[in-house]
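Here is a friendly walk through one protein model, from its overall surface down to single side chains. Please keep the structure open as you read.

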Amino acid sequence: MENTKLNNTLENVDFSTLGISEDILRALDDMDFEEATKIQAGSIPLMLEGKDIIGYSQTGTGKTAAFGIPAIEAIDRKTRSKNPQVLVLCPTRELAMQACEEMNRFAKYRRGIRIVAIYGGQAIERQFRLLDYGAHIVIGTPGRVMDHMRRNTLKLHELKMVVLDEADEMLNMGFREDVETILESVPKERQTALFSATMPPAIVAITHHYQKNPEMIKVVRQQLTVPSIEQYYYEVPFGGKADAMCRLLESHTPKRSMIFCNTKRQVDELVSELQMRGYLVAGLHGDMRQTARTQVMNSFKRGIVAILVATDVAARGIDVDDVEAVFNYDIPTDVEYYVHRIGRTGRAGKNGRAFTLTVGRKQMYELRNIQNFTKARIQRKSLPSGRDIEANRERRLFEDIRSELTSPTLLEDARMVDQLIQDGFTSVEVACALMNMVSASRRQARKPLKYEVSYDQQGSFQGGGSEQGAKNARKIPSGSDASGPNMWMGPKRREDMVRLALNVGSSHKVSASHIVGAIAGETGLSGKSIGKISVTEKRSFVDVPRQHVSLVLTSMKDCKIRGVRTRICEADSRLQLAFDG
């Protein structure tokens with residue numbers, strides 16, 4: 001049936017080595033794609049050569065990019081014909097919509113490419129207009145494609161490529177006759193790619209009849225299980241993941257934990273958010289320099305940083321035994337990644353916990369694939385309420401007090417207690433006062449920063465991250481647009497603070513929180529140590545402690561913030577003139 005079999009040797013492959021054009025590589029970089037999955041590394045070069053392929057791989061391995069990128073590369077944009085050059089068949093409208101959305105993102109910098117999805121449940125008149133306008137790539141369900149063929153609104157005589165995505169699912173849903181009818185209606189001289197998670201006889205028959213010397217890319221994954229890890233998931237509303245993450249951290253209070261995100265940008269944004277809420281957190285991703293990554297990892301291993309936020313690729317090779325919990329802030333793009341992620345906890349014979357946040361029906365479908373693959377039970381739980389969190393705080397405080405009562409140094413401060421009792425306070429009153437102080441301190445440590453903003457005489461934003469800062473803030477002039485993202489007020493500027501300048505500003509859609517996140521992520525410094533930040537249209541200014549200037553300048557060199565490669569220098573330096581260009 002096939003000429004070649006490729007298997008699990010295709011790992012750690014950079015997209016730039018696969019023969020992809022620069023504009024698509026640029027789009028992949030915008031999407032934070034770091035490395036090709038096994039099915040992508042095997043399929044893309046063969047499809048770019050024009051070969052028929054069979055992609056034998058389970059759901060959740062990145063197959064859309066495996067066929068979508070070669071499909072976009074194959075398009076001739078010079079033709080004036082409105083007829084499609086590529087047809088992609090998907091079993092469901094959800095998969096068709098998802099493939100269309102993702103392929104449009106791949107084609108972001110390939111001007112003139114038109115990609116249209118056609119499926120049942122959408123007004124067919126709208127699809128008439130889209131097809132009449134012209135489409136280079138059509139993505140559709142078999143039933144709706146057949147409908148347009150009968151109406152003569154979809155002409156397939158100029159097709160150069162046909163892709164069958166989730167072919168086994170299409171057959172299971174009863175579309176075999178439709179698929180064969182479509183394949184009989186397209187040009188004989190074409191490229192055909194078939195992707196399937198299983199290889200039943202019906203799929204083998206299709207490959208024999210409709211493909212020419214296909215090459216197989218076979219990704220057979222080991223059945224991995226994680227029996228010692230308790231696994232839970234939480235359904236979260238759109239836009240509520242950051243708050244949900246903080247609730248879980250407050251409720252479970254792991255001494256050391258890892259949070260996984262799918263993109264480098266999400267790592268930066270979440271690190272910034274958690275730092276502003278008072279957590280000891282640092283980020284790890286592929287855009288960081290090796291010196292900064294090493295510093296972050298050392299801080300995590302020594303306990304200086306309690307929470308590590310990372311992408312899958314950046315976390316590869318991390319070996320820390322006492323990670324108490326793993327959080328999937330994003331559901332992984334490959335189900336194998338899920339196993340690798342949660343395997344960071346529950347080591348050395350200890351029990352571990354894994355928590356996953358899901359948003360919307362699509363992610364529940366992805367979670368079901370993960371559950372089927374791992375053969376594990378992932379229990380649904382409700383997010384802890386404020387009352388639950390407060391009860392947990394009291395329980396932990398009670399446990400800490402009981403532990404302290406057994407300390408050999410317990411009576412060292414008895415003199416102070418005796419003095420308070422001599423002043424007329426009872427021992428119960430003294431104990432309650434101390435407990436109130438401890439409880440207040442713990443609550444304060446987790447309060448999100450609140451900002452008051454104003455303009456200084458140069459038009460830069462100022463802010464206050466504390467009550468004192470709010471008292472000192474001046475009134476905002478009426479009519480001013482004091483929208484907090486353009487400011488950050490860290491520690492009050494002292495003589496040991498140095499002002500640095502960056503070549504990014506509000507015109508690049510950069511805010512103060514992005515700068516805090518980038519500096520903290522690249523250097524491992526706490527967000528609390530970063531001073532005032534002012535963001536203007538084309539530049540930003542940030543105060544950092546003098547002893548960290550060299551680290552910041554070195555680590556931030558060529559760092560990307562919001563996709564812009566930054567330049568940074570001391571604000572008084574003549575190098576600042578280079579920013580004007």
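The protein chain has an accessible surface of about 28,900 Å², and 48% of that surface belongs to carbon and sulfur atoms. Accessible areas here come from the Shrake-Rupley method with a 1.4 Å probe; for residues, only the protein chains shown count as cover. This is a predicted model, in which local features need pLDDT of at least 70 and side-chain atom pairs count only at pLDDT 80 or more, while totals for chains, interfaces and linings use all residues. Residues are numbered from 1 along each chain as its sequence is written, and side-chain values use heavy atoms, with hydrogens and water left out.

**Overall fold**

The protein chain contains 20 helices and 24 strands; these are DSSP runs numbered from the N terminus, helices being H or I with at least four residues and strands E with at least two. Of its 581 residues, 49% are buried, where buried means under 20% relative accessible area, exposed over 50%, and partly exposed in between (1.4 Å probe, protein chains only). Among contacts (heavy atoms within 4.5 Å) between residues at least 6 apart in sequence, 75% join residues at least 24 apart.

Helix α3 (residues 63-73) is largely enclosed by the rest of the structure, because ten of its eleven residues are buried. Among them are Lys63, Phe67 and Ile72.

**Salt bridges**

How many salt bridges are there? The count comes to 21, taking a salt bridge as a side-chain nitrogen of Lys or Arg within 4 Å of a carboxyl oxygen of Asp or Glu. Here are some of them:

| Pair | Closest N to O |
|---|---|
| Arg110 and Asp23 | 2.5 Å |
| Lys241 and Asp330 | 2.6 Å |
| Arg277 and Asp243 | 2.6 Å |

Arg110 forms its salt bridge with Asp23. Since Arg110 lies in the loop between α4 (93-106) and β4, and Asp23 in helix α1 (residues 22-30), this pair ties together parts that are 87 residues apart in sequence. Both Arg110 and Asp23 are buried, and they are linked with Glu73 in a network of salt bridges.

Helix α10 takes part in the other two pairs of the table. Lys241 meets Asp330 in a salt bridge. Lys241 lies in helix α10 (residues 241-252) and Asp330 in the loop between β13 (325-328) and α13 (335-342), so the pair ties together parts 89 residues apart in sequence. Lys241 is buried at 15% relative accessibility, and Asp330 is buried at 11%. Asp243 meets Arg277 in a salt bridge. Arg277 lies in the loop between α11 (264-276) and β11 (281-284) and Asp243 in helix α10, so this pair ties together parts 34 residues apart in sequence. Arg277 is buried at 15%, whereas Asp243 is partly exposed at 42%.

**A loop glutamine and a surface patch**

Gln122 sits in the loop between β4 (115-118) and α5 (124-133) and is buried, with a relative accessible area of 17%. Its side chain makes a polar contact of 2.7 Å with that of Gln127.

On the surface, Ile401, Leu405 and Met435 make a nonpolar patch of about 250 Å². Leu405 belongs to helix α15 (residues 386-405) and is exposed, with a relative accessible area of 54%.

**Cysteines**

Which sulfur is closest to that of Cys90? The closest cysteine sulfur is in Cys100, 9.7 Å away, too far for a bond. The structure holds zero disulfides, a disulfide being a pair of cysteine sulfur atoms within 2.5 Å. Cys90 is buried at 0% relative accessible area, and Cys559 is buried at 3% relative accessibility.

Note on methods. Patch = residues over 30% accessible without salt bridge, like charges linked within 9 Å, V, L, I, M, F, W, Y side chains within 5 Å. Polar contact = N/O pair within 3.5 Å; in protein donor to acceptor, adjacent residues only side chain to side chain.
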